[in-house]
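Here is a short note for a colleague opening this structure without prior acquaintance. The points can be followed alongside the sequence and the coordinates.

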Amino acid sequence: MADVETFLDSAIVSNLEEVRIVHGVGTGKLRAAIHELLRKDKRVKEFRLGVYGEGEGGVTIVKFK
């Protein structure tokens, strides 16, 4: 989770509007932990799973405020 937070910090500093977090499908535990982190992050405007062509359930798309 520390790597995800560092990645989000870097994206904010780089002034990115949107990023993709690739967590894979697996058991869903990593995805759930990442989504919980994103729910609590005040810099995140919204997030969603990827759709066809974006990585579907193995990717989370994050948009910043």
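1. The model is a predicted one. A residue to begin with is Glu54, which, apart from neighbours within four places in sequence, is in contact with Arg20, Arg48, Val59 and Ile61. Glu54 sits in the loop between strand 2 and strand 3. Is Glu54 buried or exposed? Its relative accessible area is 17%, and the limit for buried is under 20%, so Glu54 counts as buried.

2. Glu56 belongs to the loop between strand 2 and strand 3 as well. Its relative accessibility is 41%, which makes Glu56 partly exposed. The backbone deserves a look here: Glu56 is not a glycine, yet its phi is positive, near 45 degrees. As background, most residues other than glycine have a negative phi.

3. Asn15 also has a positive phi, about 65 degrees, although it is not a glycine. Asn15 is found in the loop between helix 1 and strand 1. With a relative accessible area of 68%, Asn15 is exposed. From Asn15 to Glu54 the C-alpha distance is 21 Å, with the two positions 39 residues apart in sequence numbering.

4. On the sheet: three strands form an open sheet in the order 1-3-2, and the pairing is antiparallel. Which strands lie at the edges? Strand 1 and strand 2 (44-49) do, each pairing on one side only. Neighbouring strands in this sheet are turned against each other by 20 degrees on average, with direction ignored.

5. The pairing of strand 1 with strand 3 is antiparallel and runs over 5 bridges. Two of the partners can be named: Val19 is bridged to Val62 of strand 3, and Ile21 is bridged to Thr60 of strand 3. Strand 1 has two unlike faces, with Val19 and Ile21 on the covered one and Glu18, Arg20 and Val22 on the uncovered one.

6. Both helices lie across strands of the sheet. Helix 1 lies across strand 1 and strand 3, and runs at about 160 degrees to strand 1. Helix 2 lies across strand 1, strand 2 and strand 3, and its angle to strand 2 is about 160 degrees.

7. How do the helices stand to each other, and at what angle do their axes cross? The axes of helix 1 and helix 2 come within 11 Å and cross at roughly 45 degrees, which means that helix 1 is oblique to helix 2. Val4, Glu5 and Leu8 from helix 1 make the contact with Ile34, Leu37 and Leu38 from helix 2. The crossing is right-handed.

8. The largest nonpolar core has 11 residues. Its members are Val4, Leu8, Ala11, Val19, Ile21, Ile34, Leu37, Leu38, Val44, Val62 and Phe64. Two or more of these residues come from each of helix 1 (2-13), strand 1 (18-22), helix 2 (29-40) and strand 3 (59-64). In soluble globular proteins, nonpolar side chains tend to be buried together.

9. Val62 is one of the core residues. What does Val62 touch beyond its neighbours within four places in sequence? Its contacts are Glu17, Glu18, Val19, Ile21, Leu38, Val44, Glu46 and Phe47. Val19, Ile21, Leu38 and Val44 in that list are themselves members of the core.

10. Last comes the start of the chain. Met1 is placed in the segment before helix 1, and with a relative accessible area of 40% it is partly exposed. Residues up to four places away aside, Met1 touches Leu30, Ala33, Ile34 and Leu37. Met1 and Ala33 are 32 residues apart along the chain, while their C-alpha atoms are separated by 7.9 Å. Of the residues that Met1 touches, Ile34 and Leu37 also take part in the contact between helix 1 and helix 2.

Terms used:
Residues numbered from 1 in each chain as written. Predicted model: local features only at pLDDT ≥ 70, side-chain atom pairs only at ≥ 80, totals over all residues. Heavy atoms only, no water. Core = buried A, V, L, I, M, F, W, Y, C linked by side-chain atoms within 4.5 Å. Buried < 20%, exposed > 50% of the residue type's maximum accessible area, 1.4 Å probe, protein only. Helix = DSSP H or I, 4+ residues; strand = E, 2+ residues; numbered from the N terminus. Contact = heavy atoms within 4.5 Å. Pairing = 2+ DSSP bridges. Axes fitted to C-alpha atoms, helices over the stretch in contact; angles between N-to-C directions. Parallel < 35°, antiparallel > 145°, perpendicular 65-115°, else oblique. Left-handed = near helix turned anticlockwise from the far one by under 90°.
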